[in-house]
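I opened my notebook to look up how the pieces of this fold sit together. Here is what I wrote down as I went.

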Amino acid sequence: MSLKAAEQSSDAPKIDDAPEGAGHRYRLEGNWRSANVHGVLRQIEQLSKRSSGGEVVIDLSGLSDVDTAGALLIRRLKESQEAHKAHVTIEGSNPHIDELLTAFDAYPDDETATRKSKKSLAERVFAPIGESVYEIWGNLVAAMYILGSAVRGAQLKFGRGSGVSPASIINQIDHMAVRAVPIILLMSSLIGAIIAQQGAFQLRYFGAEIFVVDLVGILQLREIGVLLTAIMIAGRSGSAITAEIGSMKMREEVDALKVMGLNPIGVLIFPRLVALTVALPLLTVIANFAALFGAALVSWAYSGITFATFISRLHEAVSLSTIISGMIKAPFMALVIGIVAAVEGLKVGGSAESLGQHVTSSVVKSIFVVILMDGLFAMFYAAIDF
């Protein structure tokens, strides 16, 4: 055997098991580092299954070196003997070993973690409900803070008056309104055409195809136009707002604005809220015109209703209150979309996964709240007979 192999053999970890009084003394010797401890794994397993009883002393004075792997085996030996109702005492330790053994106390073992993870039926049922309510309350408070800051003014600098940036607002209007016109035109014209085609197909059985104009006009101007436009803007611009603010949060640009004495609400969120409030009503008007044009085209091709007849019947069916009732919803829906998107953007953490989760959450919540708001407006209009 070579000199190096002899040194390694002499420094190999081992456990001397000797009876002592009513108990046992386990003397640990050698180098208990991760590269060597495999030699005592089977012995540790055997001792863990055996009940020593009485007093057990684990003598560490013979250890030449130890790392976290060795400390873990020592801890496993100690806990296995304690599980057999033995009183375990550690002797011959030093500050280094004590520090390693203490470090494992902060992390529960698998059995303890499993025991703690077991919850009662009531806790499993009601805890998620309570957490959801608490999260909704936190989102509501954050939304009210953003809305209050926007109502108060731009507030570009903390406590130094307001400052509106027209260039920023115009730039956001360009992104949210002008560049969204093609998709809004396409979507709305198709929706109007589909409603007209299906309406004419059903009304044909009653010989009342002309009333498809009433159907399309009232439905589009009062409900569908602003609702679908708001949903499209929530998916297009709302997600963009969350992604932009969230990426700034990830790169700590929001914190940098605070250090510079600037209010992130005024610099980042206020221009976007103003732009959305301006863009959504304008896009709703464009959507209504596109939907009516698509409906008129299909009515002419499918039912033989001329454009002149379509416009004449539309003038009789639609009143000013029908148009106003739809347009009133647009600014409120725009504010909701902007506030939800901003709240989710400010909640983004430091990872790309967090950004993706909050962008998805922003779109889903915005669409849900927009549809909910449309339903509340419908009930309100019915209550006041508007």
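I began with helix H4, residues 95–103. Helix H4 lies across S3 and S4. Its direction runs at about 115° to S3. I reminded myself that this is a predicted model.

Next I looked up the two strands under helix H4. S3 and S4 pair in the parallel sense, over 5 bridges. I picked out one pair of partners: glutamate 55 is bridged to histidine 87 in S4.

What links S3 to S4 in the β-α-β unit? I found helix H3, residues 68–83. S3, helix H3 and S4 together make a right-handed β-α-β unit.

Then I moved to the other neighbour of S3. Strand S2 covers residues 23–32, and strand S3 covers residues 55–66. I noted that S2 and S3 pair in the parallel sense over 8 bridges. Here I checked one position: tyrosine 26 stands opposite isoleucine 58 in S3.

I jotted down a general point. Strands of a sheet pair through backbone hydrogen bonds, either parallel or antiparallel.

Now I wanted the whole sheet. In what order do the strands lie? I read it as S1-S2-S3-S4. The sheet is open, and its 4 strands have mixed pairing. Strand S1 (14–20) and strand S4 (87–91) are the edge strands, and each pairs on one side only. I also looked up the twist, which averages 20° from one strand to the next.

Which helix touches S1 and S2? I found helix H2, residues 41–49, packed on the sheet. The direction of helix H2 makes about 30° with that of S1.

Last, I looked up totals for the protein. I counted 14 helices and 4 strands. How much of the protein is buried? Buried residues make up 40% of the 386 residues.

I took the contacts with a separation of 6 or more. Of these, 81% join residues 24 or more positions apart.

The exposed surface comes to about 21,000 Å². Carbon and sulfur atoms supply 65% of that area.

Note on methods
Residues are numbered from 1 along each chain as its sequence is written. This is a predicted model: local features need pLDDT of at least 70, side-chain atom pairs count only at pLDDT 80 or more; totals for chains, interfaces and linings use all residues. Side-chain values use heavy atoms; hydrogens and water are left out. Two strands pair if DSSP finds at least two bridges between them. Axes are lines fitted to C-alpha atoms, for helices over the stretch in contact, and angles run from 0 to 180 degrees between N-to-C directions. Contact means heavy atoms within 4.5 Å. A crossover is right-handed if, with the strands pointing away from the viewer, the path from the first strand over the helix to the second runs clockwise. Buried means under 20% relative accessible area, exposed over 50%, partly exposed in between (1.4 Å probe, protein chains only). Accessible areas come from the Shrake-Rupley method with a 1.4 Å probe; for residues, only the protein chains shown count as cover.
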